[in-house]
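Visitor: Before we begin, I would like each label to be justified by its value and its cut-off.
Guide: Then let us take the structure one topic at a time.

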Amino acid sequence: MKSFLKNTWKHRAHVIMAMPAFLVLFFIMYVPMTGLIIAFKDYKPMLGIFGSNWAGFDNFKFLIASKNIFKTMTVNTLMYYFIFTSIGTLLNVTLAIAIDQFIFKKCAKVMQTIMIIPVFISYAAVQFIVYGFLASEQGLINVTFGTTTKFYSEAALWPVILTIVKIWKDTGYGSVLYMSVLAGIDTELYEAADIDGANKWQKILHITIPSLVPMITVMLLLSVGSIMKSDTGLFYQVTRNGGGLYPTTQVIDSYVLNQIVKSSDFGRVGAASFFQSVIGLLLMLIANGLVRKIEPDDALF
């Protein structure tokens, strides 16, 4: 303790500079975590968090006992994570490399600007764009192809629809980070490859992609921590919260939001959120441990 205080005093200028950020992080991110005890209580709004009676693990037991709902939302959450992460990473990297290799750099900048515009459109607006395409009678797809498909009643179609919407909205912005890595690659590597007679594809395969691997690893590790979380706007608003679509669109986040809106049993809602966070933390620790054994330099810690 004495050495800690001595070291703190020695670097007091740095401590003072970091204090505002630390306080913001503490009060916004950590103080609200006291609300996690709701998951273990029979929460009554009139009594408050600390005045409500303890329920132990009853809320978790109820959640797990609802086998169909619990299984459906957990499987859907994991399924969409793997779909979005695998396809998204592949497209982000491909798009970043394509723009980086583009001969006309000014056109590449214009394309990059256009592609990141969708990320600034909220899902409240995106749902109307999607509805314009998928509406039963006046939807663009049905009118163009002369079909009468009721998209908002066909649950089996929505994994594809949601994947397309997610890719359209996030891919352009997601490629920006990889482009920053490409901009930092030493040009002498490409010059040496030219001297050795390497063609464009060989340079991409042996220089560009290996340079992106550390960033891809870090991004995947960070995303693993959110493996049990989903984009609420995508699953709640774009689907218009249609009950008939729940078998393929109900995820943990949309379930929690539905329960908050439709139910006053915040204890069970808290149990679902607590389960979601704990599983995400464990998976991130496991993934980081595996990476540390394989390639220590690419691990987060």
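**Pockets, salt bridges and a bent helix**

Guide: In this predicted model, the lining of the second largest pocket holds 10 nonpolar, four polar and no charged residues.

Visitor: What makes a lining residue of the second largest pocket count as nonpolar, and which residues lie closest to the centre of that pocket?
Guide: The class follows from residue type alone, and Pro, Met and Leu belong to the nonpolar list whereas Ser does not. Of the 14 lining residues, the closest to the centre are Pro32, Met33, Leu36, Ser273 and Ser277, so by that list Pro32, Met33 and Leu36 are nonpolar, while Ser273 and Ser277 are polar. The space in this pocket comes to about 390 Å³.

Visitor: Which helices supply at least two residues of the lining of the second largest pocket?
Guide: They are α2 (12-30) and α15 (266-294), and α15 gives the most, with five residues.

Visitor: How many residues line the largest pocket, and how do they divide by class?
Guide: The largest pocket, with about 650 Å³ of space, is lined by 27 residues, and Phe84, Thr85, Lys166, Asp170 and Ser223 lie nearest its centre. The elements that give two or more residues to this lining are α5 (67-100), α9 (158-183) and α11 (200-224). By class, the lining divides into 13 nonpolar, 10 polar and four charged residues. Lys and Asp count as charged, so Lys166 and Asp170 belong to the charged class.

Visitor: Why is the contact between Lys166 and Asp170 called a salt bridge?
Guide: The criterion asks for a side-chain nitrogen of Lys or Arg within 4 Å of a carboxyl oxygen of Asp or Glu; the distance from N to O between the side chains of Lys166 and Asp170 is 2.9 Å, so the pair qualifies. As to their placing, Lys166 and Asp170 are four residues apart in helix α9 and are therefore separated by about one helical turn. In general, an α-helix has 3.6 residues a turn, so residues three or four places apart point the same way.

Visitor: Is Lys166 to be called buried or exposed, and how is Asp170 classed?
Guide: Lys166 has a relative accessible area of 18%, which is under the 20% cut-off, so Lys166 is buried. Asp170 stands at 24%, between the limits of 20% and 50%, and therefore counts as partly exposed.

Visitor: How many salt bridges does a search of the whole structure find, and what makes the pair Lys44 and Asp42 one of them?
Guide: The search finds four. The side chains of Lys44 and Asp42 meet at 3.8 Å, N to O, and since the limit is 4 Å, the pair is accepted. Lys44, at 41% relative accessibility, counts as partly exposed, and Asp42 is likewise partly exposed at 37%.

Visitor: How do you know that Lys203 is buried while its partner Asp194 is not?
Guide: The two side chains meet in a salt bridge of 2.8 Å, N to O. Lys203 has a relative accessible area of 15%, under 20%, so Lys203 is buried, whereas Asp194, at 42%, falls between the cut-offs and is therefore partly exposed. Elsewhere, salt bridges that share partners join Lys166, Asp170 and Asp231 into one network.

Visitor: What span should α9 have, and where does α9 bend?
Guide: At 1.5 Å a residue, the 26 residues of α9 should span 38 Å, and the end C-alpha atoms are 37 Å apart, which agrees. The helix nevertheless bends by about 45° at Asp170.

Visitor: What makes the phi values of Arg240 and Asn241 worth a remark?
Guide: Most residues other than glycine have a negative phi. Arg240, however, has a positive phi of about 60° although it is not a glycine, and phi of Asn241 is near 50°, again a positive value in a residue other than glycine. Arg240 is placed in the loop between α12 (232-238) and α13 (246-249), and Asn241 is found in the loop between α12 and α13 as well. With a relative accessible area of 35%, Arg240 is partly exposed, while Asn241, at 18%, counts as buried.

Note on methods: Residues are numbered from 1 along each chain as its sequence is written. This is a predicted model: local features need pLDDT of at least 70, side-chain atom pairs count only at pLDDT 80 or more; totals for chains, interfaces and linings use all residues. Side-chain values use heavy atoms; hydrogens and water are left out. On a 1 Å grid over the protein atoms alone, a cavity is a set of points where a 1.4 Å probe fits but cannot get out, and a pocket is an open set with protein on both sides within 12 Å along at least five of seven lines; lining residues have an atom within 4 Å of a point. Grid points are joined across faces, edges and corners, and a volume is the space filled by probe spheres set on the points. Buried means under 20% relative accessible area, exposed over 50%, partly exposed in between (1.4 Å probe, protein chains only). The expected span of a helix is 1.5 Å times one less than its number of residues. The bend at a residue is the angle between axes fitted to the seven residues ending there and the seven starting there.
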